[in-house]
Amino acid sequence: MKLKQEKKAKEKAEEILKAKQVINFVVKKIESCTENIWNVFNTFDVDKNGTIDKSELKRVLDYCNVSLDKKDLK
């Protein structure tokens, strides 16, 4: 009986460890993605005021080969 409980406890501990490893992997991916997003944002925030204004947005869209007329950009 004791061996069976120890085996279940060990299996549960292994499950928890695997889940922790998966969570850590996902967190690292999210952190990497977030860093990349900020790098892109800062590239297009030319005046470094923490926002993307219309002219900066136009540069982003031009860079991505997306054309909008002035009405849609507004």
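How much accessible surface does the chain have, and what percentage of this surface belongs to carbon and sulfur atoms? In the predicted model examined here, the accessible surface of the chain comes to about 7,000 Å², and carbon and sulfur atoms account for 60% of that area. Burial was assessed for the 74 residues of the chain, of which 8% count as buried.

The overall dimensions were considered next. The radius of gyration of the chain is 24 Å, whereas a compact globule of 74 residues would be expected to have a value near 11 Å. Along the principal axes, the C-alpha atoms of the chain fill a box of roughly 75 × 25 × 15 Å. With regard to charge, the chain carries 17 positive and 13 negative charges, and the mean positions of these two sets lie 8 Å apart.

The secondary structure consists of three helices and zero strands, so that, by the definition of these elements as DSSP runs, the order from the N terminus on is α-α-α. Helix H1 spans residues 2-44 and is followed, after a loop, by helix H2 at residues 54-63; a further loop then separates H2 from helix H3, which covers residues 70-73.

Each of these two loops contains a residue with a positive phi that is not a glycine. In the loop between helix H1 and helix H2, Lys-48 has a phi near 55 degrees, a positive value in a residue other than glycine. Lys-48 counts as exposed because its relative accessible area of 55% lies over the 50% cut-off for that class. In the loop between H2 and helix H3, Asn-65 likewise has a positive phi, of about 60 degrees, although Asn-65 is not a glycine. The relative accessibility of Asn-65 is 72%, and Asn-65 therefore counts as exposed.

On the surface, a nonpolar patch of about 380 Å² is made by Val-22, Phe-25, Val-26 and Ile-30. One of these residues, Val-26, is found in helix H1. The relative accessibility of Val-26 is 40%, a value between the 20% and 50% cut-offs, and Val-26 is therefore classed as partly exposed. Val-26 thus contributes to the nonpolar patch as a partly exposed residue, while the loop residues Lys-48 and Asn-65 are exposed.

Key: Residues numbered from 1 in each chain as written. Predicted model: local features only at pLDDT ≥ 70, side-chain atom pairs only at ≥ 80, totals over all residues. Heavy atoms only, no water. Helix = DSSP H or I, 4+ residues; strand = E, 2+ residues; numbered from the N terminus. Rg over C-alpha atoms; globule rule 2.2 N^0.38 Å. Buried < 20%, exposed > 50% of the residue type's maximum accessible area, 1.4 Å probe, protein only. Areas by Shrake-Rupley, 256 points an atom, 1.4 Å probe, with all protein chains shown as cover. Lys, Arg positive; Asp, Glu negative; His and termini not counted. Charge placed at Lys NZ, Arg CZ, Asp CG, Glu CD. Patch = residues over 30% accessible without salt bridge, like charges linked within 9 Å, V, L, I, M, F, W, Y side chains within 5 Å. Salt bridge = Lys/Arg side-chain N within 4 Å of Asp/Glu carboxyl O.
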